[in-house]
Amino acid sequence: MENVTEEFMFVLNGLNETATKKHIYFGFVLTAYLFTVFVNSTLILTIFLEKVFHEPMYFFLCNLCINAILGANSFYPRFLFDLLSKVNQISYYECLIQVCFIFYYIFCEYTSLTVMAYDRFVAVCKPLEYHSVMTPQRVLYLLLFTWLFSLTEIIIGALLTGRLPMCGRHIAKIYCSNWPLVKLSCVDSIGNNIYGYVLMFIHVSEAILIIISYVFIIRTSLRSKSGWVKFMQTCLPHLITLINFNVALLFDVLDARFGSTQKLQAIRNFLAVELLIVPPLLNPLIYGITLTKIRNRIIKVCKHRIKAVG
C-alpha cells in the first residue's frame, strides 16, 4: 500500500503514444486551445456587450461558453506541459485537482444543456407565457443552480476519491480521470461505485427530461411552417450540441468502465480527449453560424474592424 504524500506520482501511460511526435502534437494542441478560447470569448463578449442579446436564451448560451473555457483550461495547459516534458508523470494532488475541474466541466455542461432544453420548451410550447416564466430572477436562479449543483456533485466525489489509499501508479490515459484512480485503490471502493450510480441516475434523469422536452418541441413546431423555421433557427443548434456531447460522454464512460488497458491506446486517447476538445470548440461555432442575430452581429463587427484598420 502506498501512502499518498506530495511525492506520490502517477504515470500517464496514454502519453506514450505521443512520445515520437510531441512537438507536432504540441503545435496542433496549442492551436486548438487558443482557437477554443477565442471563439468562446468572442461569443461571450458579443452577448454581454449587445443589449439585443440580453435574453434568457443568450444568457444560457453565454453560460455554456464560460463553462467551455473552464473545460479547456482544465485539460489543455497540463496536456501542453506534458507534451514538452520528458516524463509522463503527475503528482497525486495535481491529478485530483484535474479530476475535479474536468468533471466540474462535464457535470455543469450537462446541467446547462438541460436548463437550455427547458428554456426552449417554454419558448416554443408556451410562447405567450415565456416572459412571465423566464423572468430575470428565474434565469439567475437557474444559472446559480447549474454551477452550485455541479459543485456539490464534485465535492462529494472528491471526498470519496481522496480518502482512498493508492496501490498503483499507472493510469492508461493522457489525463487524470476519476474511475482509473478508483481502480488503483488498495481498498474496497463500494462507496465510489454507489455514488457513481447516483450520478448516473441524476444525469440519465436529465437526459430523459431533455428528450421529453424535445418531443413536445418538435410536435409543436410541426404544426406550422413558422414554428418549424423557429425550431431550425433556435433549437437545432442546441440539439446538435446535445447529440455531440452525449456521444462523446458515452464513449468516455464506456472506455473508463470497460476499456482494456492493453489494446488500441491511440483510439482510446482520441475517444477520451474528444469529450474535452470537440464540444468546447464546436459549440460556439454551431451557435455562431446558425443563430442569425449573432452571426450578423459578429460579421458587422468584423467588417467595421477591417475598415478601421484599412
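**Exercise 1: Cysteines and their cover**

Task: Work out whether Cys125 and Cys108 are buried, partly exposed or exposed.

Solution: Start with Cys125, which has a relative accessible area of 24% and is therefore partly exposed. The cut-offs behind that word are simple: buried means under 20% relative accessible area, exposed means over 50%, and partly exposed is in between, using a 1.4 Å probe and protein chains only. Now try Cys108: its relative accessibility is 0%, so Cys108 counts as buried.

Before you go on, two notes on what you're looking at. This is a predicted model, where local features need pLDDT of at least 70 and side-chain atom pairs count only at pLDDT 80 or more, while totals for chains, interfaces and linings use all residues. Residues are numbered from 1 along each chain as its sequence is written, and side-chain values use heavy atoms, with hydrogens and water left out.

**Exercise 2: The whole chain**

Task: Describe the protein chain by its secondary structure, its burial and its surface.

Solution: Step one is the inventory, which comes to 10 helices and 3 strands. Both kinds of element are DSSP runs numbered from the N terminus, with helices being H or I of at least four residues and strands being E of at least two. Step two is the order along the sequence: β-α-α-β-α-α-α-β-α-α-α-α-α. Step three is burial: of the 310 residues in the chain, 48% are buried. Step four is the surface: the accessible area is about 16200 Å², and carbon and sulfur atoms account for 71% of that. Those areas come from the Shrake-Rupley method with a 1.4 Å probe, and for residues only the protein chains shown count as cover.

**Exercise 3: Building the sheet**

Task: Put the strands in order and say how each pair runs.

Solution: First, the order: the 3 strands make an open sheet, β2-β1-β3, with mixed pairing. That leaves β2 (89–91) and β3 (170–171) at the edges with a single partner strand each, so one side of each has no neighbour in the sheet. Two strands pair if DSSP finds at least two bridges between them.

Next, take the pairs in turn. β1 (residues 9–12) pairs with β2 in the antiparallel sense over 3 bridges. Here Met9 sits opposite Ser91, and Phe10 has Ile90 as its bridge partner. β1 and β3, on the other hand, pair in the parallel sense over 2 bridges, with Val11 opposite His170.

**Exercise 4: Following helix α3**

Task: Find where α3 lies, how far it reaches and how many of its residues are buried.

Solution: Begin with its place: α3 (residues 92–125) lies across β1, β2 and β3 and runs at about 85° to β2. That angle is taken between axes, which are lines fitted to C-alpha atoms (for helices, over the stretch in contact), and such angles run from 0 to 180 degrees between N-to-C directions.

Then check the length: the 34 residues of α3 span 49 Å from first C-alpha to last, close to the expected 50 Å. The expected span is 1.5 Å times one less than the number of residues. Finally, count the cover: 27 of the 34 residues are buried, so α3 is largely enclosed by the rest of the structure.

**Exercise 5: Pairing up the disulfides**

Task: Identify the 2 disulfides and say what each one ties together.

Solution: A disulfide is a pair of cysteine sulfur atoms within 2.5 Å. Cys95 and Cys176 qualify, with sulfur atoms 2.0 Å apart. Cys95 is in helix α3 and Cys176 is in the loop between β3 and α6 (178–183), so the link ties together parts 81 residues apart in sequence. Its torsion about the S-S bond is -120°, and the link is left-handed.

The second pair is Cys167 and Cys186, with sulfur atoms 1.8 Å apart. Cys167 is in the loop between α5 (136–162) and β3, and Cys186 is in the loop between α6 and α7 (190–221), so this pair joins parts 19 residues apart in sequence. The torsion here is about 120°, so this disulfide is right-handed.

Now compare the cover. Cys95 and Cys176 are each buried at 0%. Cys167 is partly exposed at 44%, and so is Cys186 at 25%. Counting bonded cysteines along the chain, you get the pattern 1-3, 2-4.

**Exercise 6: A serine in a loop**

Task: Locate Ser177 and name the residues it touches.

Solution: Ser177 is in the loop between β3 and α6. At 3% relative accessibility, Ser177 counts as buried. Leaving out residues up to four places away in sequence, Ser177 touches Val99 and Phe103, where contact means heavy atoms within 4.5 Å.
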